[in-house]
Amino acid sequence: MTRTAMEKTPVTLLGLGAMGTALARAWLAAGHPLTVWNRTPSRARALAAEGARAAGSAAEAVAANALVVVCLLDDASVEDTLTGTDLTGKDLVNLTTATPAQARARAAWAAARGARCLAGGIMAVPPMIGVPEAGGHVLYSGARDLFEQHRDTLAVPAGTTYVGEDPGHAALHDVALLSAMYGMFAGAAHAFALIRREDIDPTAFAPLLADWLTAMAPAVHGTAEQLRSGDYTKGVTSTLAMQVAGTPTFLDTAGEQGVSPELLEPFFALMRRRLAEGSGEEDLTGVIDLLLRRPT
């Protein structure tokens, strides 16, 4: 049920680092009564000057409201902070970065203490919080009815994306997306290294690089369809055999430019390994299967 402007859901927020502070200010700006706590009290006092209620302890903060949001350093910090608090009847939203296994275990831990739990993965940096046009969003997993109950409140700091009942799926989506980001950063680092010693302005090269990466990004849809169908030859434009044949040029160019191939070579090695299995007409999708560890 959507509340009116006079009935904004009260929120308790534990953790006032850069992200927690950004979340707090977004809820305050939207008119939500907010109780905050932080291990370093000065951060809570700063927000109290902006309209928040600073609790003297985590237990006091948890007792203040039914909706309790946790944004701490790590999973161990969550347990340390919540131990000794009364979670009975609370709706706990855990936005602390964690592994899928940690998120599942923490949800079970909260349930054993009488709380309902949503796990979250924040796909944003603090300056994106409270700025809808910035495109930040938070991934949520856990009971759908719990998510729907608090959707409007959770959507205040950033957009919301629900990814399933399994409490570990928000963390899994978070790490998967960030892993792809780091892969992109690795490729960009190699590209800039190639031109680094040349009379090429990196600020002139950057738009070309950004446009190329943007043009290539939709290829993930084809990969997803191949994974779902099991047919890795469907819709192939450049076969694995063709791409493997071209890899020496990349490695030779790196050598000529005095650039280490260590960011490219592991992926090229997987491509060669897949080709050796006789899958030359495939796309690169088969490399994904090589990354899956065999059961021991």
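Mentor: A salt bridge is a side-chain nitrogen of Lys or Arg within 4 Å of a carboxyl oxygen of Asp or Glu. The model before us is predicted, and the structure holds 14 salt bridges.

Trainee: Why is the pair Asp-75 and Arg-106 called a salt bridge?

Mentor: The N to O distance between these side chains is 3.0 Å. The limit is 4 Å, so the pair qualifies. Asp-75 lies in helix H4 and Arg-106 in helix H5 (residues 100-112), and the pair links parts of the chain 31 residues apart.

Trainee: Are Asp-75 and Arg-106 buried or exposed?

Mentor: Both residues are buried. That term requires under 20% relative accessible area.

Trainee: What makes Arg-39 and Asp-80 a salt bridge?

Mentor: The closest N and O atoms of Arg-39 and Asp-80 are 3.0 Å apart, and the limit is 4 Å; therefore the pair meets the definition. Arg-39 sits in the loop between strand E2 (34-37) and helix H2 (41-48), while Asp-80 belongs to helix H4 (residues 75-82), so the contact ties together parts 41 residues apart in sequence.

Trainee: Why is Arg-39 called exposed?

Mentor: Its relative accessible area is 54%. Exposed means over 50%, so Arg-39 earns the word. Asp-80, at 48%, falls between the limits of 20% and 50% and therefore counts as partly exposed.

Trainee: How do you know that Arg-272 and Glu-265 form a salt bridge?

Mentor: Their closest N and O atoms are 2.4 Å apart, which is within 4 Å, so the definition is satisfied. Arg-272 has a relative accessible area of 35% and Glu-265 one of 24%. Partly exposed lies between 20% and 50%, so both residues take that name.

Trainee: Which residues line the largest pocket nearest its centre?

Mentor: Leu-213, Met-216, Ala-219, Phe-267 and Leu-284 lie nearest the centre, among 48 lining residues. Helix H7 gives the most to this lining, with 13 residues. The volume of the largest pocket is about 2,400 Å³.

Trainee: What makes Leu-213 and Phe-267 lining residues of the largest pocket?

Mentor: A lining residue has an atom within 4 Å of a point of the pocket. Leu-213 and Phe-267 are listed in the lining, so each has such an atom.

Trainee: How do the residues of this lining divide by class?

Mentor: The lining of the largest pocket has 29 nonpolar, 16 polar and three charged residues. Leu, Met, Ala and Phe count as nonpolar, so Leu-213, Met-216, Ala-219, Phe-267 and Leu-284 belong to that class.

Key
Residues numbered from 1 in each chain as written. Predicted model: local features only at pLDDT ≥ 70, side-chain atom pairs only at ≥ 80, totals over all residues. Heavy atoms only, no water. Helix = DSSP H or I, 4+ residues; strand = E, 2+ residues; numbered from the N terminus. Buried < 20%, exposed > 50% of the residue type's maximum accessible area, 1.4 Å probe, protein only. 1 Å grid on protein atoms, 1.4 Å probe; cavity = no way out; pocket = protein on both sides within 12 Å on 5 of 7 lines; lining within 4 Å. Points joined across faces, edges and corners; volume = space filled by probe spheres on them.
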